[in-house]
Amino acid sequence: MTTLRPCTEIALTHAGNSVVLRASLRAAVNIDNLDGGLPAVLDRLAGGHLSTVKATIRAAATDRHQAERFLSSLDGQPLRPFLEEAAPACVALVAATLPSPEDDQAKPRSTTRAETTGKPWAAHFTDLYRYATGWLGWTPATAWDASCDEITTAFAAHVGRLVAVNGGKRDDEADDPEGPVNVYSADRMTEIEELGHDPAFQRDKLRALKARMG
């Protein structure tokens, strides 16, 4: 089980200018689109690579104009003090875009693929956007601004509601071969999305549930 935390925000200040970095889905996608993808970006940040630090700040800034003013303030300034503060902050920001490890197992976060799906990060982030805007009904702006963990948690609750209505089981509960059919497996979710509706949806159960809720 993971512990939900608010979307990470990191403030950087240099030469009288500030910028706020947010570990949102938008930042995750922008960073993964940098040269070499997310793993390579982390490696370069750990080495204090100036261009990568700047690119990460631009990718994760909540205000682009603020980011450009902040980066412009570096002109003619010693870079070492800046990198000593900004590089670790960017590493922390990128790490915050990755799925939280399960608390009970304290797993380290993978940087090559999304551990929960085994997919490349680009595909994982695309799935999160689809879940947020398609299944949860969030606006694109809300989806882009949310953290990956926030989307995952909200989507899990949505699936849990569907399971409660339909009487099936989630993948993580499908350990009883004699139990109910696992309605919402990963393949099933893909099929439902392609069809545009859930063929197993039982509207009579939904009506009964609503009646019980008053």
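Biologist: What share of the area that the chain exposes do carbon and sulfur atoms supply?
Modeller: This is a predicted model, where local features need pLDDT of at least 70, side-chain atom pairs count only at pLDDT 80 or more, and totals for chains, interfaces and linings use all residues. Residues are numbered from 1 along each chain as its sequence is written, and side-chain values use heavy atoms, with hydrogens and water left out. Accessible areas come from the Shrake-Rupley method with a 1.4 Å probe; for residues, only the protein chains shown count as cover. The chain exposes about 12,000 Å², and the carbon and sulfur share is 52%.

Biologist: Which pattern does the chain follow along the sequence?
Modeller: Helices (H or I, at least four residues) and strands (E, at least two) are DSSP runs, numbered from the N terminus. The chain has 10 helices and two strands. Read along the sequence, the pattern is β-β-α-α-α-α-α-α-α-α-α-α.

Biologist: Are α3 and α4 roughly parallel or roughly antiparallel to each other?
Modeller: The axes of α3 (residues 50–60) and α4 (residues 64–72) come within 8 Å and cross at roughly 155 degrees. Axes are lines fitted to C-alpha atoms, for helices over the stretch in contact, with angles from 0 to 180 degrees between N-to-C directions. Angles under 35 degrees count as roughly parallel, over 145 as roughly antiparallel, 65 to 115 as roughly perpendicular and the rest as oblique. The two helices are therefore roughly antiparallel.

Biologist: Which residues in α4 do Lys 54, Ile 57 and Arg 58 in α3 meet?
Modeller: Contact means heavy atoms within 4.5 Å. On the α4 side, the residues met by these three are Ala 67, Glu 68, Phe 70 and Leu 71.

Biologist: Is His 14 buried or exposed?
Modeller: His 14 sits in strand β1 (residues 9–14). Leaving aside neighbours within four places in sequence, His 14 contacts Phe 70, Ser 73, Leu 74, Gln 77 and Phe 82. Buried means under 20% relative accessible area, exposed over 50%, partly exposed in between (1.4 Å probe, protein chains only). At a relative accessible area of 13%, His 14 is buried.

Biologist: How many Å apart in space are Trp 144 and Leu 128, C-alpha to C-alpha?
Modeller: Trp 144 lies in helix α7 (residues 140–145). Trp 144 is partly exposed, with a relative accessible area of 26%. Trp 144 and Leu 128 are 16 residues apart in sequence, and their C-alpha to C-alpha separation is 9.7 Å.
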